[in-house]
Amino acid sequence: MARNFNPEKVLRTPVILCFAAMICCALWGSAFPFIKIGYELFDINAGDTPTQLLFAGIRFALAGVLVIIFGSLFSRKVLIPRRENLSRICLLALFQTILQYTFFYIGLAHTTGTKSSVINSTSVFFAVIISCLFRQEKLDLKKMIGCIVGFAGTVIINLAGSSVDGRMTFSGEGMILLSSISYAVSSVLIKRFSQNENTVTLSGYQFTLGGAVMIVFGLVTGGRLNFGIGIKGVLLLLYLAFLSAAAFTLWGILLKYNDVSRVAVFGFMTPVFGCIFSAVFLGENLADSGIRTVSALLLVCIGIIIVHYKKKVKGDYND
């Protein structure tokens, strides 16, 4: 039976793809409130960018080590990337860890967890567009309409924000948007690079490298962490490392066997989980944004359905 196991066929099955993608999105959604809680536990101020980057770097370096250790144990051999793939790991680390999370951590410190989670959903549409630019897929009318409708949702959530004039600030919402673009580029890169290298190896080493770079940059620019925070802080840091290691590795495997758009559309659930977890752990209330917040989520959902619909019609799922 084991000899007949076909990972590509299994991971392209709608139920398996949906379930695995949902796990990733739930983990990512939980990051929004827990990062904010981490800022409080480690006494990190909103304007202390160096310490934010140091905090992120430790998290991702630890995530990379976890991926390499458990990946090696599972494979029964030490995971070491091929020499020709080292430059690819560096490029992936730049977009998937260094740029994405430098922007993300700075932005999250200047806006709410709920708002960040919804704006972050634009990565779905950027991923679709960029994958088409890289000629991994074709950009048809339905994908264009889906991207426009989904992006309209992020505009609405900004109008429903806490600021009186409803404008986007570069240090907050703008940074989250740049983070989304960086993530979209990394999705396309990992889709391409995973054809020549083990996805787990790519994930582990890019996290380790990206995290190390962020640690050095954070320390050089004056970042300092208070490590006398007790067991709560340690457990929170371990959880943040775990969710990154698990979610990105699993997501990368899904991207290897599926079109970018087919996987990316499930990213809609990340802001949904983000809103739920932010309400539970931070006390942020969706009612504060009212009908506009609900409308934004619905528009993002509709946009994703439009993008995904043609894929289903064409019968891309070969069960």
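**Notes on an all-helix chain**

1. To start with the fold: the protein chain has 13 helices and zero strands. Read from the N terminus, the elements go α-α-α-α-α-α-α-α-α-α-α-α-α. Keep in mind as you look around that this is a predicted model.

2. A few overall numbers help with getting your bearings. Of the 319 residues in the protein chain, 53% are buried. Take the contacts with a separation of 6 or more, and 89% of them turn out to be between residues 24 or more positions apart. As for the outside, the chain exposes about 14,600 Å², with carbon and sulfur atoms supplying 68% of that area.

3. Next, have a look at the surface around H6 and H7. Ile129, Leu133, Phe134, Leu139, Leu141, Met144 and Ile145 make up a nonpolar patch there, and together they have about 630 Å² of accessible area. Two elements give two or more residues each to this patch: helix H6, covering 122-133, and helix H7, covering 141-159. H7 provides the largest share, with three residues.

4. One patch member worth picking out is leucine 139, which sits in the loop between H6 and H7. Is it buried, partly exposed or exposed? Leucine 139 has 39% relative accessibility, so it counts as partly exposed, because that class lies between the 20% and 50% cut-offs.

5. Now for the charged side chains. How many salt bridges does the structure hold? Just one, and it links arginine 82 with glutamate 84, whose closest N and O atoms are 3.2 Å apart. In general, side chains of opposite charge can pair when their charged atoms come close.

6. The two partners of that salt bridge fall into separate accessibility classes. Arginine 82 is at 41% relative accessibility and therefore counts as partly exposed. Glutamate 84 is at 51%, so it counts as exposed; the cut-off for that class is over 50%.

7. Finally, try threonine 201, found in helix H9, which spans residues 199-220. With 3% relative accessibility, threonine 201 counts as buried, because buried means under 20%. Which residues does it touch, leaving aside its neighbours within four places in sequence? Threonine 201 is in contact with Leu79, Ile80 and Pro81. If you are browsing the model, you can go on from Pro81 to arginine 82, the salt-bridge partner of glutamate 84.

Definitions and conventions
Residues numbered from 1 in each chain as written. Predicted model: local features only at pLDDT ≥ 70, side-chain atom pairs only at ≥ 80, totals over all residues. Heavy atoms only, no water. Patch = residues over 30% accessible without salt bridge, like charges linked within 9 Å, V, L, I, M, F, W, Y side chains within 5 Å. Areas by Shrake-Rupley, 256 points an atom, 1.4 Å probe, with all protein chains shown as cover. Salt bridge = Lys/Arg side-chain N within 4 Å of Asp/Glu carboxyl O. Helix = DSSP H or I, 4+ residues; strand = E, 2+ residues; numbered from the N terminus. Buried < 20%, exposed > 50% of the residue type's maximum accessible area, 1.4 Å probe, protein only. Contact = heavy atoms within 4.5 Å.
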